[in-house]
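Colleague: I should like to learn how to read the features of a protein model. May we work through one together?

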Amino acid sequence: MPLRFAATLAQRRFDVRFELAAGETLAVLGPNGAGKSTLLALLAGLLTPTWGRAELDGAVLFDVGERGSVLTEPRERGISLLAQEALLFPHLSALENVAFGPRSRGVHRVSARATALAWLDRVGVPELAGRRPAQLSGGQAQRVALARALAADPALLLLDEPLAALDVGVAPAMRLLLRDVLRERTAVIVTHDPLDAFLLADRVLVLEDGRIVESGATAEVLTRPVTAFGARLAGLNLVPGRRTRAGFTGRNGLEVPLADAVPVGAVPVGASMALAVRPAAVGVSLSARAAPESGQGPHSGADPDSEFGPGSASHSASHSTSDSARLAATIDDVEHRGDVVRVHAAGLAADVAPADVVALGLVPGLPVVLTMRHSDVVVYPTPLPDQDADPDGR
Ligand SMILES: Nc1ncnc2c1ncn2[C@@H]1O[C@H](COP(=O)(O)OP(=O)(O)OP(=O)(O)O)[C@@H](O)[C@H]1O
């Protein structure tokens, strides 16, 4: 493993360990104050852990324990950091900024400038070589900063929200550039944006309160989240629950037979499981109690057996409870979100067309039935005994 990291920083309640293989990019996600910046600062040598050890390509970055401490100087670590703001030297040209790393490693001036020009070319802005930072746009400056970070030939590249300060217009092009340069590179990227995790990272680590609450291959974490944060990140509903004799029962009462979804024998009755479903695949219909006398249309009937949500390809009377799950619930909230309305009930979000919201009269306090096809839900064992359990107890 090129990167092994284990560190505790007592005063920030930070306690994290992970490993990263050569050429892998790890996305670090988590709410504000989770410890993402602390993780980068420990790697970069800007903070010293209370305890811990980290190695990069076999070289010790820090080793702090009872028997004393070894702390490698930040600039000796072979690590470059790309921050949110470009942080270029204002008095140097773009070319001189990029040449700074090779120059400080003792590379001859001519050769350092040639390297710098090659990197400016690589990030798509060779024509900006002679400009000072004050003459660059935010997007241009960030490209120059990326060239500078890469020109140092780091064994590990750290990226701290590299797209956050960019205009929405230039962020996509920068994201594609990052995707390109990160392909073969060992990197750790802190981001709030699930799209960055999807496009840039092989693995994801979710921090909360200085601890890892979720980690794994990006696709795995984003399709089978085990924490509410992971689910929000992936735009999924997450229903914690348990394996029952019949299948899965969520904490909100939602029941789904498991026969088709997961090998039933593999998960013992009582084991902790979770269900994930897209809000667009959750349908809302009126419960018998609230149904009008003569409802029409896909969402307006009183009979939940014939009602399916916008995520369903079609609906007909032949659909029965055998291929969909339903749950009686009361609407907690109704939220406008662009061209859909998100209806919240029983801990689930359902995306409903505005016309259907009006036709059904969906308002907070209304009793409804939520429906979802078995084929649209993913039910899976969760590593935690309970969602509120101490993540260390995994
Ligand atoms: N300079 C500091 N001195 C003391 N405590 C700090 C300092 N910076 C951060 N902390 C604390 O350390 C913990 C982790 O903060 P950190 O900045 O690493 O979180 P983060 O995940 O990067 O958050 P954000 O997304 O808001 O940047 C928090 O409890 C925070 O209050």
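Modeller: Let us begin with the surroundings of a ligand. A residue counts as near a molecule if its C-beta atom, placed from the backbone, lies within 6 Å of that molecule. Please keep in mind that this is a predicted model.

Colleague: Which residues surround the ligand?

Modeller: The ligand is surrounded by Arg12, Gly30, Asn32, Gly33, Ala34, Gly35, Lys36, Ser37 and Thr38. Sorted by chemical class, this shell holds one nonpolar, six polar and two charged residues.

Colleague: How many helices and strands does the protein chain have?

Modeller: The protein chain has nine helices and 21 strands. Of its 394 residues, 41% are buried. If one takes the contacts between residues at least 6 apart in sequence, 64% of them join residues at least 24 apart.

Colleague: Where does UniProt place the feature "domain: ABC transporter"?

Modeller: The UniProt record, an unreviewed entry, places that feature at residues 3-234. Over residues 3-234, the chain is 34% helix and 27% strand, and the C-alpha atoms at the two ends are 27 Å apart.

Colleague: Next, I should like to read a sheet. In what order do the six strands of the open sheet lie?

Modeller: Strands are taken to pair if at least two bridges are found between them. In this model, six strands form an open sheet in the order β7-β8-β9-β3-β10-β11, with mixed pairing. The edges are β7 (79-82) and β11 (211-217), each of which pairs on one side only. From one strand to the next, the twist averages 15°.

Colleague: In which sense do strand β3 and strand β9 pair?

Modeller: Strand β3 (residues 25-29) and strand β9 (residues 187-190) pair in the parallel sense, over four bridges. Val28 stands opposite Val190 in β9.

Colleague: Let us turn to a single residue. Why is Val206 counted as buried?

Modeller: The general idea is to count neighbours: a residue is buried if 20 or more other C-beta atoms lie within 10 Å of its own. Val206 is buried because 26 other C-beta atoms lie within 10 Å. Val206 belongs to strand β10 (residues 203-208).

Colleague: With which residues is Val206 in contact, leaving aside its neighbours within four places in sequence?

Modeller: Val206 is then in contact with Leu29, Gly30, Val213, Glu214, Ser215, Thr227, Phe229 and Gly230. One of these, Gly30, is also among the residues that surround the ligand. Pro126 lies 80 residues from Val206 along the chain, and their C-alpha atoms are separated by 37 Å.

Technical notes
Residues are numbered from 1 along each chain as its sequence is written. This is a predicted model: local features need pLDDT of at least 70, side-chain atom pairs count only at pLDDT 80 or more; totals for chains, interfaces and linings use all residues. A residue is buried if 20 or more other C-beta atoms lie within 10 Å of its own, exposed if 12 or fewer, and partly exposed in between; C-beta atoms are placed from the backbone. Two residues are in contact if their C-beta atoms, placed from the backbone, lie within 7 Å. Ala, Val, Leu, Ile, Met, Phe, Trp, Tyr, Cys and Pro count as nonpolar, Asp, Glu, Lys and Arg as charged, and the others, Gly among them, as polar. UniProt positions are given in the numbering used here, feature names are shortened, and annotations may be inferred rather than shown by experiment. Axes are lines fitted to C-alpha atoms, for helices over the stretch in contact, and angles run from 0 to 180 degrees between N-to-C directions.
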